[in-house]
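Here are a few notes to read alongside the structure. Have a look at it, then go through the points in order.

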Amino acid sequence: MTIDPAVPPRKRLSRDDRHAQLLEVARDLIRDDGTDELTLARLADRAGVTKPLVYDHFGDRSGVLAELYRAFEARQRDTLAAALDGAEPALPAVASVVASAYVDCCIAEGRELADVVSALAGSPTLDALRQEAQDEYLGMCRDTLTPYSRTLDAAGLVGIVGAGDALGRAAITGRISADRARAALTKVVTALAAADGSVAAGETSIGAMPSA
């Protein structure tokens, strides 16, 4: 066999890099063809690897979908963390950052996330993943909004996420503009954080909030 010196040898990816590559290919496949077309064989073919390698990373099709969901949720938390970096320490500014990050992340993920959730519907795996992801995200929101509220409890935090999901979906489908979605969610976050217990901007020495 003659090796063409002009063709560089294929770089062997680390397991983590390969895992990330396979998830990106799976996301592209879903975006182009929908979740019904996602199989381990098609994913392997599109990624240029063997089916046993894909099986080794995910186990089965549900494993791919579950990992995609985890990746979506991790990006949502990363988006919020990045948006909060350097935000003005005042409730209106923080509420706007929280709302904008949530809506922007929903729009960035597009319909792929909805397709993944739909494909996992009724699965105990999805229920566990959603609870895990929601707990982590609500923890971030609680820590972020604690300096500006004495009354924001678990119900209020869940309300923020529920409103964010609804407004994000409406923005994705074009029922409302992204700006309207951000503005509406900002009002929700502000109202829930400020209700009967707002504190002055920058005041952080308050009692611990009830745990979510």
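1. A quick definition before the surface numbers: accessible areas here come from the Shrake-Rupley method with a 1.4 Å probe. On that basis the chain exposes about 11600 Å², and carbon and sulfur atoms supply 52% of that area. Keep in mind that this is a predicted model.

2. What is the chain built from? Nine helices and zero strands, so to speak in order from the N terminus, α-α-α-α-α-α-α-α-α.

3. On the inside, 40% of the 212 residues count as buried. Looking at contacts with a separation of 6 or more, 73% of them join residues 24 or more positions apart.

4. How many aromatic pairs does a search of the whole structure find? Just one turns up. Its rings belong to Y102 and Y137, with centres 5.4 Å apart and planes at 80°, so the pair is edge-to-face; the cut-off for that label is over 60 degrees. Y102 sits in helix α5 (residues 91-109) and Y137 in helix α7 (residues 124-145), so the pair ties together parts that are 35 residues apart in sequence.

5. Are those two tyrosines buried or exposed? Y102 is buried, at a relative accessible area of 4%, and Y137 is buried too, at 3%.

6. One more residue to click on is T186, in helix α9 (residues 178-194). T186 counts as buried because its relative accessibility is 16%, and buried means under 20%. Leaving aside residues up to four places away in sequence, T186 touches A95, S96 and A99.

How values were computed: Residues are numbered from 1 along each chain as its sequence is written. This is a predicted model: local features need pLDDT of at least 70, side-chain atom pairs count only at pLDDT 80 or more; totals for chains, interfaces and linings use all residues. Side-chain values use heavy atoms; hydrogens and water are left out. Helices (H or I, at least four residues) and strands (E, at least two) are DSSP runs, numbered from the N terminus. Buried means under 20% relative accessible area, exposed over 50%, partly exposed in between (1.4 Å probe, protein chains only). Contact means heavy atoms within 4.5 Å. Rings of Phe, Tyr and Trp (its six-membered ring) pair if their centres lie within 6.5 Å; planes under 30 degrees apart count as stacked, over 60 as edge-to-face and the rest as tilted.
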